[in-house]
Amino acid sequence: MTVYLNPRARKVRGSHLLLISCARCSHPIATYRKVGESNLVKMFSDRIVDGTVDFSLDPGAVFCPGCQMRVATRYTTRAEGKTAYRLVPSAFHRRKVNAPLSD
Ligand SMILES: [Zn+2]
């Protein structure tokens, strides 16, 4: 499995790591630095640590490498003007992990 580091990743105080995986085939998609316990609706580009998708290419949509299902779509947040990926609610699972995929 190829894992790409995200060069845009920034460290955030008080965050934890989530592994985002495909709901259909369980293939890992990305490690995400989440702040707070709120529902996961989007992933900010600069909080994606690494992934099996190359986020350095700013993909317009994120497809599962295992089954090609669309998991997220890129957009720019209105409030912050930041690049983010809006997750398809039924398309992914999340769980807390201690280390990113690339570790
Ligand atoms: Zn899949």
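How many bridges join strand β2 to strand β3, and in which sense do the two run? I counted seven bridges between β2 (residues 15–22) and β3 (residues 28–35), and the strands run antiparallel. I noted one pair by name: Ser 15 stands opposite Val 35 in β3. The model I am reading is a predicted one.

**Loop between β2 and β3**

I looked next at the loop between β2 and β3, where Ser 26 is found. The phi of Ser 26 is near 70°, a positive value in a residue that is not glycine. I checked the surroundings of Ser 26 and found 11 other C-beta atoms within 10 Å; the cut-off for exposed is 12 or fewer, so Ser 26 is exposed.

**The sheet around β2 and β3**

I then traced the sheet that holds these strands. Five strands form an open sheet in the order β1-β5-β3-β2-β9, with antiparallel pairing. β1 (4–5) and β9 (92–97) stand at the edges with a single partner strand each, so one side of each has no neighbour in the sheet.

**β4, β7 and β8**

I followed β8 (residues 83–87) to its pairing with β4 (residues 42–44), which is antiparallel and has three bridges. In this pairing Lys 42 stands opposite Arg 86 in β8. I also looked up β7 (residues 70–76), which pairs with β8 in the antiparallel sense over five bridges. Here the bridge partner of Thr 73 is Arg 86 in β8. Arg 86 thus turns up in both lists, opposite Lys 42 and as partner of Thr 73.

I checked the connection as well: β7 and β8 form a hairpin with six residues between them. Gly 81, in the turn, has a positive phi of about 65°.

**Loop before β7**

I went back to the loop between β6 (61–63) and β7, which is the place of Gln 68. Gln 68 is not a glycine, yet has a positive phi of about 70°. Is Gln 68 buried or exposed? I found 10 C-beta neighbours inside 10 Å, so Gln 68 counts as exposed.

**Whole chain**

I closed with the totals. The protein has zero helices and nine strands. The radius of gyration is 12 Å, close to the 13 Å from the globule rule for 103 residues, so the protein is as compact as a globular protein of that length. Along the principal axes, the C-alpha atoms fill a box of roughly 30 × 30 × 25 Å. I have 27% of the 103 residues down as buried. Of the contacts between residues at least 6 apart in sequence, 55% join residues at least 24 apart.

Conventions
Residues are numbered from 1 along each chain as its sequence is written. This is a predicted model: local features need pLDDT of at least 70, side-chain atom pairs count only at pLDDT 80 or more; totals for chains, interfaces and linings use all residues. Two strands pair if DSSP finds at least two bridges between them. Helices (H or I, at least four residues) and strands (E, at least two) are DSSP runs, numbered from the N terminus. The radius of gyration is taken over C-alpha atoms; the globule rule is 2.2 Å times the number of residues to the power 0.38. A residue is buried if 20 or more other C-beta atoms lie within 10 Å of its own, exposed if 12 or fewer, and partly exposed in between; C-beta atoms are placed from the backbone. Two residues are in contact if their C-beta atoms, placed from the backbone, lie within 7 Å.
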